[in-house]
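Got your viewer open? Let's walk through this one stop at a time, picking selections as we go.

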Amino acid sequence: MERQEEQVEQRRRELIRAALKARTFSYSPYSGYQVGAALLTETGRIYTGCNVENAAFGPTVCAERTAICKAVSEGEKKFLAIVVAGSPKGEMTQFSWPCGVCRQVLAEFCDPDRMQVIVAKSEEVFETRLLGALLPEGFTKKNLA
Ligand code: THU
């Protein structure tokens, strides 16, 4: 197993717990869809986020981007994994994969061949994909270099 995979595996339960806790702070009065995210940085820190909706709908921010903006605004720009926990209000019934915009924002900061995207219903029930599998042939800063 690669070092990054091991690091993530060691922290996975903690990350899932953090995402589930962040989900409890979801501000989603319009959709009733509650999402929490937990982002692991290369420095070993965890940044969490929830979805923050708005009466004008358009300004709504997803849980993943909330976590990414919190991390970047504190000087962290390298990430190893993100856990997303989303379902309609109440019990965790779904695997909630990141939306297209969040995949693109993740691609700005992560190596698509290494970054693990984990969707979880609980500490025991989860699925993992590499970001590259979720955003194949993505447009990134490499295109502008
Ligand atoms: N949502 C997220 O937080 N992350 C995603 O990747 C998909 C959607 C939120 C946005 C909105 O508040 C609610 O889920 C329903 O779309």
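The stops below run from the inside of the fold out to its charged groups. Keep in mind throughout that this is a predicted model.

**Stop 1: the largest nonpolar core**

Select Leu 39, Phe 79, Ile 82, Leu 106, Cys 110, Met 115 and Leu 131 and show their side chains. The largest nonpolar core has 19 residues, and these are the ones that touch the most other members. Now colour the elements that each supply two or more residues to this core: β1 (33–41), α2 (63–72), β3 (79–88), α3 (100–109), β4 (116–120) and α4 (131–134). Helix α2 gives the largest share, four residues. As a rule of thumb, nonpolar side chains in soluble globular proteins tend to be buried together.

Next, centre on Leu 131. Which residues does Leu 131 contact, leaving aside its neighbours within four places in sequence? Look for Arg 103, Leu 106, Ala 107, Cys 110, Pro 112, Met 115 and Val 117.

There is another core, apart from the largest one, so hide the first selection for a moment. This other core holds 14 residues, and you can find it by picking Val 8, Ile 16, Leu 80 and Met 92, which are among them.

**Stop 2: a buried charge**

Go to helix α2 and select Glu 64. What is the nearest side chain of opposite charge to Glu 64? That would be Arg 65, 6.5 Å away; Glu 64 is buried yet has no salt bridge. A salt bridge would need a nitrogen within 4 Å of a carboxyl oxygen. To see what is around Glu 64, show its contacts beyond four places in sequence: Val 35, Ala 37, Ile 82, Val 84, Pro 98, Cys 99 and Cys 102.

**Stop 3: the rings**

Now for the aromatics: there are two aromatic pairs to look at. Start with Tyr 30 and Phe 57, a tilted pair at 5.8 Å centre to centre, with 45 degrees between the planes. Tyr 30 is in the loop between α1 (3–23) and β1, while Phe 57 is in the loop between β2 (46–50) and α2, so this pair ties together parts that are 27 residues apart in sequence. Turn on the surface here: Tyr 30 is partly exposed at 42% relative accessible area, and Phe 57 is exposed at 56%.

For the other pair, select Phe 79 and Phe 109. The ring centres are 6.0 Å apart and the planes sit at 70 degrees, so the pair is edge-to-face. Phe 79 belongs to strand β3 and Phe 109 to helix α3, so here the parts tied together are 30 residues apart in sequence. Is Phe 79 buried or exposed? At 5% relative accessibility, Phe 79 counts as buried, whereas Phe 109 is partly exposed at 22%.

One more ring to visit is Phe 95. The charged end of Lys 121 sits over that ring, 4.6 Å from its centre.

**Stop 4: two backbone oddities**

Most residues other than glycine have a negative phi. Go back to Phe 57, in the loop between β2 and α2, and check its backbone: phi is positive, about 60 degrees, although Phe 57 is not a glycine. Then jump to Glu 137, in the loop between α4 and α5 (141–144). Glu 137 is not a glycine either, and has a positive phi of about 55 degrees. Its relative accessibility is 81%, so Glu 137 counts as exposed.

**Stop 5: salt bridges**

How many salt bridges does the structure hold? The count is eight. Pick Arg 13 and Glu 124, whose closest N and O atoms are 3.4 Å apart. This pair links distant parts of the chain: Arg 13 is in helix α1 and Glu 124 is in the loop between β4 and β5 (126–130), 111 residues apart.

Add Arg 17 and Glu 123, a salt bridge with its closest N and O atoms at 3.3 Å. Arg 17 is in helix α1 and Glu 123 in the loop between β4 and β5, 106 residues apart.

For the last salt bridge on the tour, select Glu 127 and Arg 129, which meet at 3.3 Å, N to O. Glu 127 is partly exposed at 28% relative accessibility, and Arg 129 is partly exposed at 36%. To finish, reselect Arg 13, Arg 17, Glu 123 and Glu 124 together: salt bridges that share partners join these four into one network.

Methods: Residues are numbered from 1 along each chain as its sequence is written. This is a predicted model: local features need pLDDT of at least 70, side-chain atom pairs count only at pLDDT 80 or more; totals for chains, interfaces and linings use all residues. Side-chain values use heavy atoms; hydrogens and water are left out. A nonpolar core is a set of buried Ala, Val, Leu, Ile, Met, Phe, Trp, Tyr and Cys residues joined through side-chain atoms within 4.5 Å. Buried means under 20% relative accessible area, exposed over 50%, partly exposed in between (1.4 Å probe, protein chains only). Contact means heavy atoms within 4.5 Å. Lys and Arg count as positive and Asp and Glu as negative; His and the chain ends are not counted. Rings of Phe, Tyr and Trp (its six-membered ring) pair if their centres lie within 6.5 Å; planes under 30 degrees apart count as stacked, over 60 as edge-to-face and the rest as tilted. A charge sits over a ring if NZ of Lys or CZ of Arg is within 6 Å of the ring centre and within 35 degrees of the ring normal.
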